[in-house]
Amino acid sequence: DWPAARRRERVAEMLELVGLTDYASRRPTRLSGGEQQRVALARALAPAPALLLLDEPLSALDARVRIRLGEELRALQRRVGVTTVMVTHDQQEALALADRIVVMSKGHVEQVGTPEDIWRAPENLFVARFVGDMNFFTLPGMTAKGEICGIRYEDVRVLEATELSLRDENTRAARIEAVHYMGRYVRLRLLLQDYATRIHADLPPNEAGGFAERDLVAVRLPKEARRVWRDESEMFGETRAAGGGE
């Protein structure tokens with residue numbers, strides 16, 4: 001139990017840490033949502049815990065406040081140096097704030113890794129489908145029987161149709177079915193002509209300006225950006241057949 005003087009000193013330290021020194025006399029009802037979250041964080045840090053658990057600390061905030069407070073939370077955690085476990089359903093939040101991410105499904109750990117590991121090298125189809133946007137397909141020359149291939153939208157390259165003359169195993173002809181302006185990028189929906197397969201590509205606006213719906217284009221699916229997994233639906237079917245035979 002701390003003496004009163006030490007408690008006051010600690011309160012002042014915590015308010016300075018979370019940037020609320022000027023709000024020390026303000027009542028809770030006069031604080032914004034972001035300020036209330038800072039107070040809650042200060043209270044959690046005050047006893048100097050060895051481990052800090054944050055359960056969706058940014059979920060109740062609007063988008064702009066969430067981004068700013070998330071950046072502040074990350075900087076604060078680095079300054080204090082306390083190991084922090086943060087539970088979140090927001091993928092971008094996890095990717096931006098975490099040193100290591102644990103992807104879970106129904107109480108089972110699917111993958112543990114750095115944000116880059118989780119994004120660039122998902123270990124199974126659940127993680128690949130759960131985190132971010134990815135195309136899934138089977139194509140001759142890219143997948144064998146019982147396999148499924150995946151590639152992130154942003155890794156798909158869309159080129160002028162003239163590039164089809166240099167066609168290789170990584171390039172396919174496609175027709176643009178839709179063009180959606182998304183602000184920071186333009187999303188194309190494409191139908192691969194030979195295989196009736198639809199995929200999406202996210203392009204920077206300066207690269208997408210020359211493309212329109214119904215254009216014939218060349219789509220490159222770089223080998224180094226593709227991931228291949230065993231098709232889980234086939235695996236499940238084989239397991240059931242084995243079980244039924246017993």
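A total of 13 salt bridges is found in the structure, which is a predicted model. One of the pairs is formed by the side chains of arginine 78 and aspartate 99, with an N to O distance of 3.1 Å. Arginine 78 belongs to helix α3, whereas aspartate 99 is located in the loop between α4 (91-97) and β3 (101-105); the pair therefore ties together parts that lie 21 residues apart in sequence.

Helix α3 also takes part in a helix-helix contact. Two packed helices are described by the angle between their axes and by the distance between those axes. For helix α2 (residues 33-45) and helix α3 (residues 63-80), the axes come within 11 Å and cross at roughly 20°. Because angles under 35 degrees count as roughly parallel, α2 is classed as roughly parallel to α3. The crossing of the two helices is right-handed. On the α2 side, the contact involves Gly34, Gln37, Arg38, Leu41 and Leu45. These residues meet Val65, Arg68, Leu69, Glu72, Leu73, Leu76 and Val80 of α3. Sorted by class, the contact of α2 with α3 comprises seven nonpolar, two polar and three charged residues.

Two open sheets are described next. Strands of a sheet pair through backbone hydrogen bonds, in either a parallel or an antiparallel arrangement. One open sheet consists of three strands in the order β5-β6-β12, and its pairing is antiparallel. Strands β5 (134-137) and β12 (227-230) occupy the edges and have a single partner strand each, so one side of each is left without a neighbour in the sheet. Neighbouring strands of this sheet are turned against each other by 30° on average, direction ignored. Strand β6 (residues 147-152) runs antiparallel to β12 and is joined to β12 by four bridges. Within this pairing, valine 228 in β12 is the bridge partner of cysteine 149.

The other open sheet contains five strands, arranged in the order β7-β11-β8-β9-β10 with antiparallel pairing. Its edges are formed by β7 (157-160) and β10 (197-203), each of which pairs on one side only. From one strand to the next, the twist in this sheet averages 45°. Strand β8 (residues 171-181) pairs with strand β9 (residues 186-192) in the antiparallel sense, and seven bridges connect the two. At one position of the pairing, tyrosine 181 stands opposite valine 186 in β9.

How values were computed
Residues numbered from 1 in each chain as written. Predicted model: local features only at pLDDT ≥ 70, side-chain atom pairs only at ≥ 80, totals over all residues. Heavy atoms only, no water. Pairing = 2+ DSSP bridges. Axes fitted to C-alpha atoms, helices over the stretch in contact; angles between N-to-C directions. Parallel < 35°, antiparallel > 145°, perpendicular 65-115°, else oblique. Left-handed = near helix turned anticlockwise from the far one by under 90°. Contact = heavy atoms within 4.5 Å. Nonpolar A, V, L, I, M, F, W, Y, C, P; charged D, E, K, R; others polar. Salt bridge = Lys/Arg side-chain N within 4 Å of Asp/Glu carboxyl O.
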